[in-house]
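Thanks for sharing this one. Here are my notes as numbered points, to be read with the model open beside them.

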Amino acid sequence: MFRTPQVILFSEDVTRAAAFYARLGFTESFRVPTEGEPIHVDLALDGYQIGIASVDSTRNDHGLSPVPSGQRAAVILWTDDTAAAYARVTADGAPALKAPHTWLGRLLIAWTADPDGNPIQIVQHLPA
């Protein structure tokens, strides 16, 4: 019945948000319109796809009332080195929400956010 799930994040600046995720290693896979200021961009990383949709387009084209900022959803990114990834992302301008810390005795987790305030969890498995 269903296939290829995807999460869409709403943004007041689709270009800025797409560029942020591209710096994290996501690759653009879809854009509307194909030239000029986009109203929607899809990006993929390791088989996972995330979409960035314009707040204005979502309101005007679909009649929805998206919330344009804040902690509405979280993007989880697994890595082999949370501390290094967190340092790189925050050095590139992403806010430092929570420094790397051990959780459940088996994960190392840190929190930052994208330009629209969506939290990003950077996480790795710790050796047993």
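1. Ile39 is partly exposed, with a relative accessible area of 32%, a value that falls between the 20% limit for buried and the 50% limit for exposed. Please keep in mind throughout that this is a predicted model. Ile39 sits in the loop between E2 and E3. Leaving aside residues up to four places away in sequence, Ile39 touches Val14, Val32, Pro33, Ile52, Ala53, Ser54, Ser57 and Asp61. Ile39 and Ala22 are 17 residues apart in sequence, and their C-alpha atoms are 17 Å apart in space.

2. The loop between E2 and E3 also holds Pro33, one of the residues that Ile39 touches. Do have a look at the backbone here: the peptide bond from Val32 to Pro33 is cis, and its omega is near -15°. As background, most peptide bonds are trans.

3. Now for the sheet. Four strands make an open sheet in the order E1-E4-E3-E2, and the pairing is mixed. Why is one side of E1 and of E2 left without a neighbour in the sheet? Strand E1 (7–11) and strand E2 (27–32) are at the edges and have a single partner strand each, so one side of each stays free of a neighbour in the sheet. From one strand to the next, the twist averages 20°.

4. Both senses of pairing can be followed from E4. E1 runs parallel to strand E4 (residues 48–54), joined to it by five bridges, and Leu9 stands opposite Ile52 in E4. E3 and E4, in turn, pair in the antiparallel sense over six bridges, with Asp42 opposite Gly51 in E4. E4 is mostly covered, as five of its seven residues are buried.

5. The turn of the E3 and E4 hairpin deserves a check. Two residues separate the strands, and Asp46 in the turn has a positive phi of about 55°. Is Asp46 buried or exposed? Its relative accessibility is 81%, so Asp46 counts as exposed. A second residue other than glycine with a positive phi is Leu104, with a value near 60°; Leu104 lies in the loop between strand E6 (98–103) and strand E7 (107–113). For context, most residues other than glycine have a negative phi.

6. Next, the helices on the sheet. Helix H1 (residues 14–23) lies across E1, strand E3 (40–45) and E4, and runs at about 160° to E4. Helix H2 (residues 55–62) also packs on the sheet, where it touches E1 and E4; the direction of H2 makes about 75° with that of E4.

7. Which residues touch the most other members of the largest nonpolar core? They are Tyr21, Leu24, Leu43 and Ile120, in a core of 21 residues. Two or more residues come from each of H1, E3, E4, strand E5 (75–78), helix H3 (82–91) and strand E8 (119–125). H1 gives the most, with five residues. In soluble globular proteins, nonpolar side chains tend to be buried together.

8. Tyr21 is a good residue to click on in this core. Not counting residues up to four places away in sequence, Tyr21 touches Leu9, Phe26, Leu43, Ile50, Ile52, Val75, Asp114 and Ile120. Two of these contacts are named among the best-connected core members above, Leu43 and Ile120.

9. Gln121 is another residue to inspect, found in strand E8. Its relative accessibility is 13%, so Gln121 counts as buried. Beyond residues up to four places away in sequence, Gln121 touches Val75, Ile76, Leu77, Ile109, Ala110 and Trp111.

10. Last, the largest pocket, which has a volume of about 450 Å³. How many residues line the largest pocket, and which lie nearest its centre? The lining has 20 residues, and Phe26, Leu45, Ile76, Leu77 and Trp78 lie nearest the centre. E1, E5, H3 and E8 each supply at least two lining residues, and the largest share, four residues, comes from E5. Ile76 and Leu77 are also among the residues that Gln121 touches, while Phe26 is one of those that Tyr21 touches.

Terms used:
Residues are numbered from 1 along each chain as its sequence is written. This is a predicted model: local features need pLDDT of at least 70, side-chain atom pairs count only at pLDDT 80 or more; totals for chains, interfaces and linings use all residues. Side-chain values use heavy atoms; hydrogens and water are left out. Two strands pair if DSSP finds at least two bridges between them. Axes are lines fitted to C-alpha atoms, for helices over the stretch in contact, and angles run from 0 to 180 degrees between N-to-C directions. Contact means heavy atoms within 4.5 Å. A nonpolar core is a set of buried Ala, Val, Leu, Ile, Met, Phe, Trp, Tyr and Cys residues joined through side-chain atoms within 4.5 Å. Buried means under 20% relative accessible area, exposed over 50%, partly exposed in between (1.4 Å probe, protein chains only). On a 1 Å grid over the protein atoms alone, a cavity is a set of points where a 1.4 Å probe fits but cannot get out, and a pocket is an open set with protein on both sides within 12 Å along at least five of seven lines; lining residues have an atom within 4 Å of a point. Grid points are joined across faces, edges and corners, and a volume is the space filled by probe spheres set on the points.
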